[in-house]
Amino acid sequence: MVRNTQVSLCGIKLKNPVMPASGVYGFGGEYRDFYDPNILGAVVLKGTTARPRFGNPTPRVAECTSGMLNSVGLQNPGIDAVISQELPRLREFYHGPVIANISGFSVEEYASCCGKIDGLVDIIEVNISCPNVERGGMGFGTDPELAAEVTRAAKGATAKTPVFVKLSPNVADITEIGIACQEAGADGLTLINTLLGMRIDIRTKTPVLANKIGGFSGSAIFPVALRMVYEVSRVVHIPVIGVGGISKAEDVIEMMMAGATAVQVGSENLRDPMACYRIIEKLPNLMEKLNIENLVDIINIAE
Amino acid sequence: MSKLCRFDILENRQVAKDTYSIVLFGDCSSVTRPGQFVNIALEGHYLRRPLSVCRASTESMTLVYKVVGSGTYQLSQRKPGTGLDILTGLGNGFDITESGENPLLIGGGAGAAPLFWLAEKLIEAGIMPRAAIGFNSADEVFLAAELAQLGVPVTVSTLDGSMGARGLVTDTVGRIGLKYDYVFACGPEPMLRAVYGLSEVDGQYSFEERMACGFGACMGCSCETKYGPKRLCKEGPVLRRGEIKW
Ligand SMILES: Cc1cc2nc3c(=O)[nH]c(=O)nc-3n(C[C@H](O)[C@H](O)[C@H](O)COP(=O)(O)OP(=O)(O)OC[C@H]3O[C@@H](n4cnc5c(N)ncnc54)[C@H](O)[C@@H]3O)c2cc1C
Ligand SMILES: Cc1cc2nc3c(=O)[nH]c(=O)nc-3n(C[C@H](O)[C@H](O)[C@H](O)COP(=O)(O)O)c2cc1C
Ligand code: FES
């Protein structure tokens, strides 16, 4: 029997639910030595800001048990260069859906970036795990009011492209933030971003990251991400993209059963550049074993 | 072009204090220049470990590494006949076509490994380099005999004076007034800085940075240069003197 891996996000058809997460796939070209990106459900671009950014000082990656830390700090060439150079370059070899990932340090910055890229990509994913410089660095993603404000601004600045809000897990109650974004008009949610973490080099007695703390990702965070996708999916009616610690086809199925319509694979790509290929190749096989005919049938199936 | 391949360990032996040389058999077609590196997956370690290529042919390559932590320790315990999952052909490597007539190869510690293949390539191109290499003490010295066998005049320095000249390799080069018209440097950053400060002579410098992917995807290894940010795993690890921003 043919196994149907197709899913759809706000009417955008994906041939399978697997896409790389923002920040591990550059602007789409870095994996071409390994496989054709056209096998992916979608491509998600590196976090983009209004102006070019170098990001934080190095070292800005560190290893952990079953995971890693990063404090890259949104290095990107800025929204104008992404639109004029990176997007056209990507379209030369990739013909599937594209998701842009937008970050900002003020509500206006989010709105202006979203407005510029509206209509040029298939989905805009707004990353709210950023400090609000206008409000003493408080995270947009940790306060329901601020999260709603960014969502409204992004929706107000766009007319053509659906807006997904990417949530931070560093909160007491993620359902509260998810509901606030939905009420503010979000077309979908992506969760989760990285968990705050730290490593200290016991030989030098200093933090490994120059920035001291960073975002924890990788297979170690899978149960946390799964729990949050499960909790949020139960209280919202907009589609959820699940991300966090996915490293194999089994994780994709589990994440979809928890409520995700599609999934993103992050750090696993950095240790195995064939990760997405491997997962996509395995999916039909696994569906057969589990007696799943259409992948959409298992979305949110876990009680 | 980078490539993900299985390699068989042919040999893995200690060559100096805490320093090992590993010979790997497999597809080395992507390793084209001295100064390039590979990224090795090790069991129980989430991220791969980057190591420079010390020498390579089409089907085998040698890496020289120092045991500094659990990853390199695990590698040192691996037996010939077992396999490794390696990402090869990473980084830009040295460009020997830019060399002068009398280049100096300068390196320190395990980071000096790429100088061997570089010397071979220069000699093939009809250029006989000089080499100056530095270590902490005599028991850490490697590469000196191999370079000498190629006919390369080698100056060894050790910090404690137990072999060759006493002191830092850059102090030695300055003191004995070595003449050179181009420099190829690799080693720890303080050494690179000192080489840079020795003279105005043009050259190429190979840098190290903590890495995650090693193939340009994560932006973990970026550094600022005079011509904008560069990923040391992709547009590096070798930078031209003229672009370095300290
Ligand atoms: C491009 C490049 C080429 C290199 N070539 C060589 C070589 O030819 N020979 C050699 O002995 N060493 C080389 N190194 C350094 C080598 O990668 C580290 O010594 C090694 O990763 C340490 O791993 P570990 O698990 O033993 O140590 P741990 O300290 O336990 O490692 C923990 C983490 O820190 C990273 N790390 C630790 N030290 C370094 C370092 N100096 N540079 C980058 N990452 C580090 C590891 O990769 C790992 O992710 C190179 C590094 C780079 C970036
Ligand atoms: C190196 C690195 C860079 C990242 N950059 C971004 C980014 O620019 N924007 C964003 O929304 N998330 C970013 N993330 C978070 C990932 O997209 C993802 O949410 C997180 O890593 C959890 O997934 P994982 O466990 O599969 O890696 C980054 C993660 C890593 C490891
Ligand atoms: S280590 Fe990932 S970009 Fe260089």
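# Exercises on a predicted two-chain model

H2(B) is followed by Gly126(B), a residue with a positive phi near 85°. The model is predicted, and the exercises below start from this helix.

## Exercise 1: the helix H2 of chain B

Task. Determine whether helix H2 (residues 115–124) of chain B is mostly covered or mostly open, and state which elements its buried residues pack against.

Solution.
- Step 1. Apply the cut-off: a residue is buried when its relative accessible area is under 20%.
- Step 2. By this criterion 7 of the 10 residues of H2(B) are buried, and the helix is mostly covered.
- Step 3. Identify them: Leu115(B), Phe116(B), Trp117(B), Leu118(B), Ala119(B), Glu120(B) and Leu122(B). The list includes the acidic residue Glu120(B).
- Step 4. Locate their surroundings. The buried residues pack against four strands and a helix of chain B, namely S5 (55–56), S8 (103–108), S9 (130–135), S12 (182–186) and helix H3 (144–149).

## Exercise 2: the overall form of chain B

Task. Establish why the radius of gyration of chain B agrees with that of a compact globule, and describe the chain as a whole.

Solution.
- Step 1. For 246 residues, a compact globule would have a radius of gyration near 18 Å. Chain B has 17 Å, which agrees.
- Step 2. Along the principal axes, the C-alpha atoms of chain B fill a box of roughly 45 × 40 × 35 Å.
- Step 3. Turn to the interior: 57% of the 246 residues are buried. Of the contacts in chain B with a separation of 6 or more, 62% are between residues 24 or more positions apart.
- Step 4. Turn to the surface: about 9900 Å² is exposed, and carbon and sulfur atoms supply 51% of that area.
- Step 5. Consider charge. Chain B carries 25 positive and 26 negative side chains, and the centres of these two sets lie 3 Å apart.
- Step 6. Complete the description with the secondary structure, which comprises 5 helices and 16 strands.

## Exercise 3: strand S7 and the sheet of chain A

Task. Find where S7(A) stands in the order of its sheet, and explain why this strand is largely enclosed.

Solution.
- Step 1. Write the strand order of the open sheet of 8 strands in chain A: S3-S18-S17-S12-S11-S8-S7-S4, with parallel pairing. Strand S3 (18–20) and S4 stand at the edges with a single partner strand each, so one side of each has no neighbour in the sheet.
- Step 2. Read off the neighbours of S7(A) in that order, S8 and S4. Strand S4 (residues 43–44) pairs with S7(A) in the parallel sense over 2 bridges, and Val44(A) has Ile99(A) as its bridge partner. Strand S8 (residues 123–127) is joined to S7(A) by 4 bridges, also running parallel; here Ala100(A) has Ile124(A) as its partner.
- Step 3. Recall the general rule that side chains in a regular strand alternate between the two faces of the sheet. In S7(A), Val98(A), Ala100(A) and Ile102(A) point one way, Ile99(A) and Asn101(A) point the other way, and all are buried.
- Step 4. Conclude: 5 of the 5 residues of S7 (residues 98–102) are buried, so the strand is largely enclosed by the rest of the structure.
- Step 5. Elsewhere in the sheet, S12(A) and strand S17 (residues 240–243) pair in the parallel sense over 3 bridges, with Ile241(A) as the bridge partner of Thr190(A).

## Exercise 4: backbone exceptions

Task. Locate the cis peptide bonds after Leu191(A) and Gly236(B), and the positive phi values of Ser66(A) and Asp18(B).

Solution.
- Step 1. State the expectation: most residues other than glycine have a negative phi, and most peptide bonds are trans.
- Step 2. In chain A, Leu191(A) and Ile192(A) are joined by a cis bond with omega about 15°. Ile192(A) belongs to the loop between S12 (188–191) and S13 (195–198).
- Step 3. In chain B, the bond between Gly236(B) and Pro237(B) is cis, with omega about 5°. Pro237(B) is in the loop between S15 and S16 (238–240). S15(B) itself forms a hairpin with S14(B), with 2 residues between them; the two strands run antiparallel and are joined by 4 bridges.
- Step 4. Ser66(A) has a phi near 55°. Its loop connects S5 (61–64) and S6 (67–70) of chain A, and the residue is partly exposed at 38% relative accessible area.
- Step 5. Asp18(B) has a phi of about 60°. It lies between S1 (3–16) and S2 (19–25) of chain B, in a loop, and is partly exposed at 34%.

Definitions and conventions
Residues numbered from 1 in each chain as written. Chains lettered and ligands numbered in written order. Predicted model: local features only at pLDDT ≥ 70, side-chain atom pairs only at ≥ 80, totals over all residues. Heavy atoms only, no water. Rg over C-alpha atoms; globule rule 2.2 N^0.38 Å. Buried < 20%, exposed > 50% of the residue type's maximum accessible area, 1.4 Å probe, protein only. Contact = heavy atoms within 4.5 Å. Areas by Shrake-Rupley, 256 points an atom, 1.4 Å probe, with all protein chains shown as cover. Charge placed at Lys NZ, Arg CZ, Asp CG, Glu CD. Pairing = 2+ DSSP bridges.
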